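User: Hey, I'm new to this one. Can you walk me through it?
Analyst: Sure, here it is.

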Amino acid sequence: MNNSNTLDLRGVLYSESDDEDKRKILYEFVTNGVILNVIGILGIFGNIISMIILSRPQMKSSINYLLIGLARCDTVLIITSVLLFGIPAIYKYTGCLFLYYFKVYPHLVLILYPLALIAQTVSVYLTLTVTLERFVAVCHPLQARSLCTYGRARLYVILIIVFSTLYNLPRFWEVQLVELSYESKYNTTLYEVNMTELRVNPIYITIYIHWLYLIFIYFLPFTSLAVLNAAIYQQVRRANQERQRLSRLQKKEIGLATMLLCVVVVFFLCNILALVNNVLEAFYGSPLDQVVATSDMLITINSSVNFIIYVIFGEKFKRLFLKLFCSHGWMGIGGRDSPDANTHDDSVVSNGDGRNYSLRNSHMYHLHRTGTAIIRNGSTTSRNSNSMHCSTRIPHAPSPGPCVYYPACGSEWENENTTTTSLNKL
């Protein structure tokens with residue numbers, strides 16, 4: 001481009017480019033202009049629904065607080081991807097959104113570029129923290145009581161956000177706004193974004209852009225994720241082989257671990273191409289434009305699909321989703337279909353004395369259902385009436401402590417005598 005009143009759009013606009021540039025622009029339009037935008041919009045709705053469900057009182061736990069933080073971060077990442085890659089790809093192919101590309105977009109880049117990298121860093125380390133929390137709960141259940149708490153989860157999220165912001169602070173000084181030309185047709189000044197002297201400094205590129213980025217964003221978290229998830233996978237396999245001897249709570253924990261394993265696998269698959277791009281750029285020069293466009297699309301997909309994984313593998317998540325959004329009991333207002341009315345497996349805590357208790361908001365609860373079965377220590381009592389009103393007092397547990405789960409862990413669970421008080425699901 002130049003600073004005359006006539007813009008040179010060769011290589012930028014599809015209709016004014018040669019055949020090679022047309023292929024690049026068309027590919028970018030398909031991957032970023034269509035797929036990225038569509039999946040990104042759906043992903044935003046999915047993440048909002050995930051945040052609503054995971055923030056319900058009966059879903060309160062340390063792992064769910066981390067997943068809420070991940071959903072928020074992914075939403076920010078999707079929005080920045082749509083504004084930075086999705087909408088500009090539409091202009092390049094169609095010629096529409098001229099003012100956005102030359103007026104709005106350059107101003108947005110100054111903020112969205114570093115914000116996107118901060119969100120990406122938070123997403124990476126929140127995924128690592130979720131895996132670490134599951135590793136402790138599955139492989140070291142005795143330490144989970146003190147480590148996997150709601151308060152610690154909040155602290156981890158705050159520390160990750162602070163670290164990610166400080167690490168990406170130099171990104172705010174990598175780009176600058178440049179006045180391009182005066183376009184009389186639109187009666188406005190046009191702009192473009194250029195790299196600053198800092199961004200083209202060879203030392204800065206070698207140390208910060210290449211090595212630090214590869215170490216802190218890819219090598220360190222990817223290696224840790226691989227090691228931790230290998231240990232979790234071995235524990236899940238061992239537990240599945242002894243599935244007949246597992247308690248209901250232990251089976252629930254194995255299911256949660258399996259769900260989060262799927263989240264990490266998708267994370268690996270969608271981020272591996274970005275790792276390849278950075279390695280190619282660090283050692284062999286700039287990667288292909290088509291590979292970069294594909295990488296941007298995959299990162300957006302990774303931020304959009306966690307809701308689908310939760311619905312497929314999370315039984316309680318799926319149950320709450322159906323009751324909140326697929327019945328007349330919208331947002332808990334619907335009587336019998338309300339999740340607050342008949343979702344009773346709110347949380348299970350262990351006091352360390354070999355007993356597990358199912359807790360409610362209070363020790364007294366009332367049921368207004370027909371044919372409700374109450375199970376106590378293996379004996380079942382059924383009561384059928386048109387209007388049943390029963391009260392059952394849960395044994396008072398002294399100082400139950402944080403809400404943590406103790407899954408099967410080899411021989412630790414073989415000799416454990418567990419007594420469970422729970423309600424049969426309606």
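User: How far apart are the end C-alpha atoms of helix 1, and what should its residues span?
Analyst: This is a predicted model. Helix 1 covers residues 19-54, and at 1.5 Å a residue those 36 residues should span 52 Å. Its end C-alpha atoms are 49 Å apart, which agrees.

User: Where does helix 1 bend?
Analyst: At Leu36, by about 35 degrees.

User: OK, pockets. How much space lies in the largest pocket?
Analyst: About 1,900 Å³. It is lined by 49 residues, and the closest to its centre are Phe85, Tyr105, Tyr113, Val292 and Asp296.

User: Which helix gives the largest share of that lining?
Analyst: Helix 3, with 9 residues. Other elements supply at least two residues each, including helix 1, strand 2 and helix 7.

User: And how do the lining residues divide into nonpolar, polar and charged?
Analyst: 27 are nonpolar, 11 polar and 11 charged.

User: Last thing: what does pLDDT average over the chain?
Analyst: The average is 77, and 70% of the residues score at least 70. Over residues 329-426, though, pLDDT stays under 50. Where pLDDT is low, the predicted coordinates shouldn't be read in detail.

Key
Residues are numbered from 1 along each chain as its sequence is written. This is a predicted model: local features need pLDDT of at least 70, side-chain atom pairs count only at pLDDT 80 or more; totals for chains, interfaces and linings use all residues. Side-chain values use heavy atoms; hydrogens and water are left out. Helices (H or I, at least four residues) and strands (E, at least two) are DSSP runs, numbered from the N terminus. The expected span of a helix is 1.5 Å times one less than its number of residues. The bend at a residue is the angle between axes fitted to the seven residues ending there and the seven starting there. pLDDT is the predictor's confidence in each residue, from 0 to 100. Contact means heavy atoms within 4.5 Å. On a 1 Å grid over the protein atoms alone, a cavity is a set of points where a 1.4 Å probe fits but cannot get out, and a pocket is an open set with protein on both sides within 12 Å along at least five of seven lines; lining residues have an atom within 4 Å of a point. Grid points are joined across faces, edges and corners, and a volume is the space filled by probe spheres set on the points. Ala, Val, Leu, Ile, Met, Phe, Trp, Tyr, Cys and Pro count as nonpolar, Asp, Glu, Lys and Arg as charged, and the others, Gly among them, as polar.
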